[in-house]
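Welcome! Here are some short exercises, each with a worked solution. Have a look at the sequence and the 3D view, then work through them one by one.

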Amino acid sequence: MDPNDFYAQVVLSGKFGVLEIIDAVLAENTSVNKDVAIEIISAFNKKIVELVVSGNQVNSGLVTVTPIIKGSLNNKMWNPLVNRVDANISQGLELSRALIETNIELQEEHGGIREVIDQTINITDKKLIEKNNSELDMLNINSQKEPPCGIAFRRWLHNS
């Protein structure tokens, strides 16, 4: 084991279910009717389930839910021990933006804050800001003619 490798985990600050979320919304907005809110959220969740199990991809803004088949089909046969219908849940645009705008606090094992990371600073900008960064590759940073997303894939695909 490398003594410079560390394990990281999110320290949860609480757990919220539908009722706790509605109570938090009511605390901020007294014009919301609790019974109506519970009914709407229950109907919304039920409709998402209905759409996904009918083979639809559902984007709630918060998450995208896509039905998928787990396991490969051997000899074009369904094997209930290996295969099942499942759902792939990925973050939506609203959640993605909120996560990027969230600062990260790296804490020591016993709670002391070691570092605060501002995720809104672009990685290349952060590398330029940090002094004595031995991994800084100015040629690589300045030579990007394509957007960073997918460069490796396009070059790999083109070279094969």
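Buried means under 20% relative accessible area, exposed means over 50%, and partly exposed is in between, with a 1.4 Å probe and protein chains only. The model is predicted, so local features need pLDDT of at least 70, side-chain atom pairs count only at pLDDT 80 or more, and totals for chains, interfaces and linings use all residues. Residues are numbered from 1 along each chain as its sequence is written, and side-chain values use heavy atoms, with hydrogens and water left out.

**Exercise 1. Find out whether Asn-33 is buried, partly exposed or exposed.**

Step 1: locate the residue. Asn-33 sits in the loop between H1 and H2. Helices (H or I, at least four residues) and strands (E, at least two) are DSSP runs, numbered from the N terminus.

Step 2: apply the cut-offs. Asn-33 has 43% relative accessibility, so it counts as partly exposed.

Step 3: look at a partner. Asn-33 and Ile-22 are 11 residues apart along the chain, and their C-alpha atoms are separated by 9.5 Å.

**Exercise 2. Describe the fold of the protein chain.**

Step 1: count the elements. The protein chain has 6 helices and 5 strands.

Step 2: read them in order. Along the sequence, the pattern is α-α-β-β-β-α-β-β-α-α-α.

Step 3: check burial. Of the chain's 160 residues, 8% count as buried.

**Exercise 3. Work out how H1 and H2 pack.**

Step 1: recall what to look for. Two packed helices are described by the angle between their axes and the distance between the axes.

Step 2: take the values. Helix H1 (residues 18-28) and helix H2 (residues 34-53) pack at about 135°, and their axes are 10 Å apart. Here axes are lines fitted to C-alpha atoms, for helices over the stretch in contact, and angles run from 0 to 180 degrees between N-to-C directions.

Step 3: name the arrangement. This angle makes H1 oblique to H2; the classes are roughly parallel under 35 degrees, roughly antiparallel over 145, roughly perpendicular from 65 to 115, and oblique for the rest.

**Exercise 4. Which residues in the loop between S2 and S3 have a positive phi without being glycine?**

Step 1: take Asn-75. Its place is in the loop between strand S2 (63-70) and strand S3 (84-91), and its phi is near 55°, a positive value in a residue other than glycine.

Step 2: take Lys-76. This residue lies in the loop between S2 and S3 and has a positive phi of about 60°, although it is not a glycine.

Step 3: compare with the solvent cut-offs. Asn-75 is exposed because its relative accessible area is 73%, and Lys-76 counts as exposed at 79%.

**Exercise 5. Place Glu-94 in the structure.**

Step 1: find the element. Glu-94 lies in helix H3 (residues 93-100).

Step 2: judge the surface. With a relative accessible area of 57%, Glu-94 is exposed.

Step 3: find a partner. Glu-94 and Val-63 are 31 residues apart in sequence and 8.3 Å apart in space, C-alpha to C-alpha.
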